[in-house]
Amino acid sequence: MQNNLSQSIQYLKSVGPKRAESFSKIGINTVKDLLFYFPSRYLDRSTILSSIKVVQHVVDGYEGEVTIIGQVVDSEIHYYNKKQVMNVHLKDASGFFECIWFQGAKYFKNIFNNGDYFAISAKPVLTKYGHLQFVHPDFDRLAEKESKDFLNTGKIIPFYHMKKELRETNIGDLSLRRIIHQAVHEYSSSLPESLPEFILSENGLLGISNTIEQMHFPQDYDSLNTAKYRMKFEELFFFECIVAKRKQFLVERKKEFSFKIKPEPIKKFINMLPFNLTGAQLNVLGEIKKDLTGSKPMNRLLQGDVGSGKTIVALISMMIVAENNYQSVLMAPTEILADQHFKNITQLLKGFGIVVVELLGGQKKSERDIILQNIKNGTAKIIVGTHALLEENVEFNKLGLIVIDEQQRFGVMQRSTLVQKGMNPDVLIMTATPIPRTLTMSIYGDLDVSVIDQMPNKRKTIKTYLRGEKKLPDIYNFIIKKAAEGYQTFLVYPIVEESAKVELKAAEKYFESLKEGSLKELRLCLIHGRMNWRDKEKIMYDYAAKKYDVLVSTTVIEVGIDVPDANIIVINDAFNFGLSQLHQLRGRVGRSEKQAYCLLVTPDSLAVKSNQLNYNFDYLSPAQIEKHKTIIRLNAMIKHSSGFELSEIDLKLRGPGNIYGTKQSGLPEFKYANLVEDSKILFTTKEAAFKIIGEDPNLIQPKNILIKNTLREKYYEKYFLSRIG
Ligand code: ADP
Ligand code: MG
């Protein structure tokens, strides 16, 4: 029987216009939408305990959560200290137990009707009278038949995320399961396959109809996992198809002009630097030179830890382009950083006859007009700026190279906007947020990747310590003592999210009190997020020029800023920061040959605990990792100095679903797959996709038509428009 999948869910029993409307609010309009509304979790018989077993567990000292199924015997609201308390008594085959809520009594009263079956999950306790009790447990209502089937045949029961829009039209767990059951039963066999037969068979994947059935009402756990595998595979496969197609597209592009290398000015420049380039920098330069002189546009991702010296590599590349009479842009995510690049580059290029300009938001119109003119007529050869560069009225004369610094801070479209301003220009994307290499190769499969995996010589590893707040007086003394040796210090306070006002207060408050108090003999300055960038810039430069000893700030200094004599960074409330952010912050120091220090400050108890415990990941369960992740993060900072190592840990810590937060990293977000746990599937799909696109770039062979269609209908827009640096 062929059923029309795109018909409204109103065709299902017990879905009327009201309910259809509430489904619509959560994005479910058609039967097909409903088929892809998967359970958020499942109840599995193997995890259910009888009440007598649970009591035994508690007596034995077991402290974890348990799940237990019972039938409501009675429920009552009583008063305790003038507050309403809700008590529900339930029974199972081996005894009685109770659930208790100290809040929302009325709400729960309506839910627990006598005779109904519930699955209850929580940490069990025994009352002083020896009753088994669950306080504020999670619960799921089961149909009577369901609970019998469940207990007798071991069926797995699906639970769907119950959005409040659904609850408002009285859709509960039971009715939702019933509605979906009907949809699956009547419609899943009509679902068109989205993957070609040869992909299914080569990879042992379930067909789509089967997959949908097993996702909702799995026969057993193996079937459920097979179904999940298929969903992940499909998602990653089409993602990799797009990466492969992009690569194909990039490879086919032809450059307007292949650059020639004039060795003299470059040699002169390199000799003039106060340091020797590291081997890694030279290698990467070699790779870039090959691209610049080649006939295909460069599409290169340059990964290098904070302080590894990416800027100089970019600058030399831009010089090569300038010597060929082409323009380069260097785009940075913040005005301060752009401005610092501009000043540095101007300084370094003195005497080379290359005109460098800077384009930022908030410049005076008269000033800006002249700059725009110089960009348009080709006088300006290196153009440094922020996203102000993307504006429409910025026209280039001959744009040959685009460099994007700290790419993880930019959205996707921005790169394309710039690329369109030139004729197939070379593109170099730089990032300090390292991700494990294997992932890089799959996610950025359309880019060539270069890595600066070596820190400049003579640089000492930053000494990192964790200290309790009690130690702050000692820390201040240390700062004062070191200031006498010419050290400068960053004092960082966290931004309290969603409340810029609080942020302002925090940094300002400490600034005032330190200035008058513990650090009064030093020269302090303050930067916070709400200052305009010119004021920030002025302070940064005065600080870099050593007019101040201590810079008090929020995290505005996080990205890129370079002050060689700042060799101490104190990060207050360090537990508040993510690992990559801590690492970025630490990278602000240790940029000279002097020993640098990073002091992480937390409440005393946390510091003591962290310094005592030293977790080894390999022996921790996911639950333990979750529980101790603050300590793990802090310890990782002390133990590791490499961003790559920290990124591996970060990846494990953040776990399913929220690796990095896409905004921070520029990584794609998947609905079913998880980049950490499913990296194997990612590699498999990459191989498969690249092979297919390699043989049939436009997907015109009959066997590949389905791939082409699915891509177009389902995936193209999603991935292409929404991501890929
Ligand atoms: P990042 O890779 O984080 O952008 P930068 O390019 O800002 O790092 O470089 C950090 C600092 O190291 C700068 O002061 C830069 O001049 C310096 N530097 C770069 N390369 C070397 C090198 N080979 N030896 C010593 N110092 C270097
Ligand atoms: Mg940088």
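The dialogue below walks through several features of a predicted protein model with a bound ligand, one reading skill at a time.

Trainee: What should I know about the model before I begin?

Mentor: This is a predicted model, in which local features need pLDDT of at least 70 and side-chain atom pairs count only at pLDDT 80 or more, while totals for chains, interfaces and linings use all residues. Residues are numbered from 1 along each chain as its sequence is written, chains are lettered from A and ligands numbered from 1 in the order in which they are written, and side-chain values use heavy atoms, with hydrogens and water left out.

Trainee: How many helices and strands are there in the protein?

Mentor: Helices (H or I, at least four residues) and strands (E, at least two) are DSSP runs, numbered from the N terminus. By that reading the protein has 28 helices and 22 strands, and its C-alpha atoms fill a box of roughly 90 × 75 × 45 Å along the principal axes.

Trainee: What share of the residues in the protein is buried?

Mentor: A residue is called buried under 20% relative accessible area, exposed over 50%, and partly exposed in between, using a 1.4 Å probe and protein chains only. Of the 725 residues in the protein, 53% are buried.

Trainee: Which way do the residues of strand β11 point?

Mentor: In a regular strand the side chains alternate between the two faces of the sheet. In β11, Q327, V329 and M331 point one way, whereas S328 and L330 point the other way, and all are buried. The strand, residues 327–331, is accordingly described as mostly covered, with five of its five residues buried.

Trainee: Which strands pair with β11, and in what sense?

Mentor: Two strands pair if DSSP finds at least two bridges between them. Strand β11 runs parallel to β14 (residues 399–404), to which five bridges join it, and it also pairs in the parallel sense with β13 (residues 382–385) over four bridges. V329 is a useful residue to click on, since V329 stands opposite I402 in β14 and also opposite I383 in β13.

Trainee: Where does strand β12 fit into this picture?

Mentor: Strand β12 (residues 356–359) pairs with β13 in the parallel sense over four bridges, with L359 standing opposite G385 in β13. Both faces of β12 are covered, V356 and E358 being buried on one side and V357 and L359 on the other.

Trainee: What does an antiparallel pair look like in this model?

Mentor: Look at β3 and β4, which pair in the antiparallel sense over seven bridges and are joined by a hairpin through two residues. K91 stands opposite F96 in β4. Strand β4 (residues 95–101) has six of its seven residues buried, and three bridges join it in parallel to β7 (residues 132–135), where F134 is the bridge partner of C99.

Trainee: Which residues around ligand 1 come nearest?

Mentor: A residue counts as near a molecule if one of its heavy atoms lies within 4 Å of it. There are 16 residues around ligand 1, of which G307, K310, T311, R459 and D562 come nearest.

Trainee: What polar contacts can I trace between ligand 1 and G307, K310 and T311?

Mentor: A polar contact is a pair of N or O atoms within 3.5 Å; within protein, one must be able to donate a hydrogen and the other to accept it, and residues adjacent in sequence count only if both atoms are side-chain atoms. A polar backbone atom of G307 is 2.6 Å from an oxygen atom of ligand 1, a polar side-chain atom of K310 lies 2.8 Å from an oxygen atom of the ligand, and an N or O atom in the side chain of T311 is 2.6 Å from a ligand oxygen. Taken alone ligand 1 exposes 560 Å², and the protein buries 84% of that, by the Shrake-Rupley method with a 1.4 Å probe.

Trainee: Is N81 buried or exposed, and what is its phi?

Mentor: N81, in the loop between β2 (66–80) and β3 (83–92), is exposed, with a relative accessible area of 67%. Its phi is near 50°, a positive value in a residue other than glycine. K546 also has a positive phi, of about 65°, although it is not a glycine; K546 lies in the loop between α20 (533–544) and β20 (550–553) and counts as partly exposed at 32% relative accessibility.
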